[in-house]
Amino acid sequence: MTFLRRRNAIVAMAALGAAALAGSALAQQTVTLRLHQFLPPTAPIPALAIVPWAKKVEAESGGRIKVQLFHSMAMGGSPPQLFDQARDGVVDISWTVLGYTPGRFNKAEVFELPFMSGAAEPASRAFHEFVEKHAADEFKDVKLLAAHTHGPGLFHTKEPLAKLEDLKGKKVRGGSRVISNMLLKLGATPVGMPVPAVTEAMTKGVIQGTTIPWEVVPSLKIAEIVKNHTTFSGEQGLFTQTFAMTMNRRSYEKLPADLKKVIDANSGVETAALFGRAMDEGDRIGLASAKKLGNKVVTLDATTATSTAPPPA
């Protein structure tokens with residue numbers, strides 16, 4: 001009996017030791033998360049939101065989470081495939097435009113309606129809260145990190161627009177089905193395409209104009225290709241687009257509890273606001289780039305159109 005008791009005690013101690021070692025190893029686990037998105041690294045969202053977010057996650061995890069960034073679709077596929085890449089585990093995290101997959105985010109589309117939102121930071125806070133309360137089922141297959149918008153949308157065209165009727169017959173890029181439907185009602189011919197394709201399409205004459213915010217103008221070199229930009233009076237833009245940064249659910253679930261807390265702390269409304277601030281700063285940079293080139297900026301309101309040609313900054 002004494003021998004059996006000793007043997008059992010040794011076995012129990014060994015088991016406890018193994019469990020302790022396993023727990024220690026889990027506590028020291030280091031993970032690499034692959035983040036994929038479609039813009040060049042110098043664009044405002046990567047430079048002012050995604051990179052700072054990744055650095056913050058790495059710092060708050062004590063270096064145990066490494067975020068590996070893949071810009072400009074470096075891991076392959078096309079921008080409309082990014083959401084599914086995160087959902088299916090092709091990547092761990094992706095950032096993309098929700099409108100690139102028409103009919104999939106029907107509830108979220110409400111924020112794309114004309115004159116629905118203005119500055120990106122407050123709109124992004126509101127949009128993320130809306131998604132959590134009313135459209136969470138559209139993100140049930142992923143871990144939602146942030147849902148956000150861009151700032152006021154406007155037109156960039158080769159020919160000037162003195163009034164909206166001047167859009168009739170023109171081929172104009174629309175970034176989502178809501179925006180394309182709006183273009184159709186204005187008499188334009190909508191041409192759907194992800195934003196990275198706009199530069200080539202404009203250069204080759206496939207389209208005569210595009211709907212994008214000021215934020216992405218410098219990275220697409222739009223102010224060099226066209227000389228006319230049409231905005232709208234008031235705080236709200238004619239349109240907006242919605243975005244989401246999402247994480248593969250299995251990649252999140254297999255994290256140890258303390259690393260899950262790091263991801264949780266860097267998800268939600270404040271993270272959405274970070275992306276919104278990046279969009280607002282990008283709008284300032286984009287507008288300045290057009291002014292520096294002496295481009296024509298037209299502001300339309302409900303009854304009149306006023307035109308200004310800003311001198312080079």
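**Exercise 1.** In this predicted model, determine which residues histidine 71 touches, not counting residues up to four places away in sequence.

*Solution.* Histidine 71 touches Gln37, Leu39, Pro41 and Pro46 once residues up to four places away in sequence are set aside. Next, place the residue: histidine 71 is found in the loop between strand 2 (65-70) and helix 3 (82-88). Finally, classify its accessibility. Buried means under 20% relative accessible area. Histidine 71 has 18% relative accessibility and therefore counts as buried. One of its contacts, Pro46, is also among the buried residues of helix 2.

**Exercise 2.** Compare the expected span of helix 2 (residues 44-60) with the distance between its end C-alpha atoms, and describe where the helix is kinked.

*Solution.* Helix 2 has 17 residues; at 1.5 Å a residue, these should span 24 Å. The end C-alpha atoms are 23 Å apart, which agrees with the expected value. Within helix 2, a kink of about 30° lies at isoleucine 50, shortly before proline 52. Isoleucine 50 is itself buried, and the other buried residues of the helix are Pro44, Ile45, Pro46, Ala49, Trp53, Ala54 and Val57. Just after helix 2, glycine 62 takes a positive phi of about 65°.

**Exercise 3.** Establish how far strand 4 (residues 142-149) is enclosed, and identify how it pairs with strand 10 (residues 242-248).

*Solution.* Eight of the eight residues of strand 4 are buried, so the strand is largely enclosed by the rest of the structure. Strand 4 pairs with strand 10 in the antiparallel sense, over seven bridges. To locate one position of this pairing, take alanine 147: it stands opposite alanine 244 in strand 10.

Note on methods
Residues are numbered from 1 along each chain as its sequence is written. This is a predicted model: local features need pLDDT of at least 70, side-chain atom pairs count only at pLDDT 80 or more; totals for chains, interfaces and linings use all residues. Side-chain values use heavy atoms; hydrogens and water are left out. Helices (H or I, at least four residues) and strands (E, at least two) are DSSP runs, numbered from the N terminus. The expected span of a helix is 1.5 Å times one less than its number of residues. The bend at a residue is the angle between axes fitted to the seven residues ending there and the seven starting there. Buried means under 20% relative accessible area, exposed over 50%, partly exposed in between (1.4 Å probe, protein chains only). Two strands pair if DSSP finds at least two bridges between them. Contact means heavy atoms within 4.5 Å.
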